[in-house]
Each structure stands twice: as C-alpha cells, then as structure tokens.
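Here are a few notes to read alongside the model. Have a look at the structure first, then go through the points in order.

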Amino acid sequence: IVNGQKVWNTSAHHADYGLLLARTDWDVPKHAGITYFALPMRQSGITVRPLRQANGYSSFNEVFMDDARVPDDHMIGELNNGWAIATFTLAVERRNFATFAQRPAILGDGRAVKEAKAEADEYFSTYIWYPQRTGRVDLLVQRAKETGRSNDPVIRQKIAKVVSMQRAMQWTAQRAAIARAQGRPPGPEGSVAKLMASEVARAAAQAHSLIGGSSGLLAGSDAPLDGTITEVLISVPAISIAGGTDEIQRNILGERVLGLPREPEPFKDQAFRSVPKGSR
C-alpha cells in the first residue's frame, strides 16, 4: 500500500504502469531503503492531474497516491535495492537524450502496420514538442536563408558552432550505443550526452534569436514557421532540467570521471528516519 505524491511525471495521464521508487525501510541510510516497483496506474487510489506548460502542452503530471496498491510480484529487483536500479534507469535515459526526438520509420500499409502507426501516433503525441526543446538545429540554415542573413559572418559562425556541437554530441551517443550493444553497463557518456544536449539547445536558441530578431516572439499561424521558433525559445529551458539537471550531471562527471571530492553528505550514514526534514 503506497501513499505519497510526485510531480513532473511524463505521460502519467495515459500510462498503464509507472516506475515507482518507494521508501520501504526508514531505519537504514537514505539510499539503502528504497524499492523499485512497476505501479499499476489505473486504480482508484491514484489521481493524475495534468500540468499546463508555458508552451501550451500538457506532457507532465502531478500524481497522488492514496492507499494505492502494488502487487508483490511487481517489485523489480530486490527489496531495498531500488536505488541501484534507478541510477541505471537514469543513465539509460540520459544516454538517449541525443537521439530521443528521432521517430523511427514504420513502413508498409497492412493492418499490423496501420495499428503500429496509430499506436506510435498516440505515444509521440505527448512528445510532439520535444524536437523544439532540443533547439531545432535542423532549421537554422533554412531560417538564415529565408531571412536573408545567410551571408552574415556572425550568424554563419554561430550556426557552424551549433552544428559542430551537435555532431560531437551525436558521436558520443553512437559510442554509448556501441557500448550498450557490447553489453557494457552505462558509463559517464550518459551524463556527457545529457549535458551536451543542454548546451546545444541553448546555443541553438541563441542562434534562432539572432537570426529572427523580434519575430521570434510571435506565436500562431502568422508567425515564422507557424510559431515553431517561439516554441523553441519557450521549450529549450526544459532540457536543462529533465533527466537530471545540468548541475547534477556536472557533479557526476566531476566526482566519477575527474575524481574530485564528493559534496558533503552529513546524514549519509544515518537512518533515514532520523534525518532532519527540509535539510540537506
């Protein structure tokens, strides 16, 4: 039986299951008493409230659990060992940031293909704005030509920098994919890819602002690219938060790759029950 609340849950409004990290032991240090579950979402004990975003979409939700039930056989891994599985899940998620916006092609016209396309349409409808949060690097050259600024040396350098950063990010993602295919566990390339995705998105948003000027503030059908540029500028900040903030990625890389001292954890070895609430 689970009671609690969690905000910023992607796709909770149409999910059959959610990934739940639940406190199952209060008398051990904080990371040791967590268990990982597959939580059935369609039950009376769960309330999902969509959140309206600044860009007009509602991809995220706040989820309330009031005596929600999760079957014992829905536990993933071992009791109180959920944190290790959670860090693995996050590493895989971060590694996918460089390629998430790419939708795979579904070819053919048979019944199974049509059903697969319909299912894909439903799934990707939640993420329709995700290409915008990555900065839409693919539109920079097009926009520079459309606005007659493709010969501006400052804009040309800005676009070249963004494209170079994106290529490096994609190569990092490819190295991660090869490591995964060889059976190696996720490494620091997940945090590198996540951090680079944020850097690329911000640089692309700056380039779009430089190219479009004040027209980048326009939204709707009479705006450039039907308001896509405005959507980029509003959505880009999200990528610096999703999947772990940029600050978290820098901490991970600093501690695990560069060998820098860890941040102080005064309550690291204390039972979670005794940790002062609202403290770090």
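1. Strands β2 and β3 (residues 34-40) run antiparallel and are joined by 7 bridges. One of the pairs to look for is leucine 19 with its bridge partner in β3, alanine 38. Keep in mind that this is a predicted model.

2. Zooming out, the open sheet here has 3 strands in the order β2-β3-β6, with antiparallel pairing. β2 (17-23) and β6 (75-76) sit at the edges with a single partner strand each, so each has one side without a neighbour in the sheet.

3. Asparagine 61 belongs to strand β5 (residues 61-68). Is asparagine 61 buried or exposed? Its relative accessibility is 0%, so it counts as buried. Leaving aside neighbours within four places in sequence, asparagine 61 has contacts that include Lys6, Val7 and Trp8, as well as Val48, Arg49, Pro50 and Leu51. For a sense of scale, its C-alpha atom is 37 Å from that of alanine 160, which lies 99 residues away along the chain.

4. Now the cores. The largest nonpolar one has 19 residues, and Val137, Leu140, Ile159, Val162, Val200 and Ile211 have the most contacts inside it. Two or more residues come from each of α4 (140-146), α5 (153-181) and α6 (189-212), with α6 giving the largest share, 8 residues. Another core, of 13 residues, lies apart from this one and has Val2, Ala22, Val63 and Ala68 among its members.

5. Back to leucine 140: beyond its neighbours within four places in sequence, leucine 140 touches Ile159, Val162, Ala204, Ala207, His208 and Ile211.

Technical notes
Residues are numbered from 1 along each chain as its sequence is written. This is a predicted model: local features need pLDDT of at least 70, side-chain atom pairs count only at pLDDT 80 or more; totals for chains, interfaces and linings use all residues. Side-chain values use heavy atoms; hydrogens and water are left out. Helices (H or I, at least four residues) and strands (E, at least two) are DSSP runs, numbered from the N terminus. Buried means under 20% relative accessible area, exposed over 50%, partly exposed in between (1.4 Å probe, protein chains only). Contact means heavy atoms within 4.5 Å. Two strands pair if DSSP finds at least two bridges between them. A nonpolar core is a set of buried Ala, Val, Leu, Ile, Met, Phe, Trp, Tyr and Cys residues joined through side-chain atoms within 4.5 Å.
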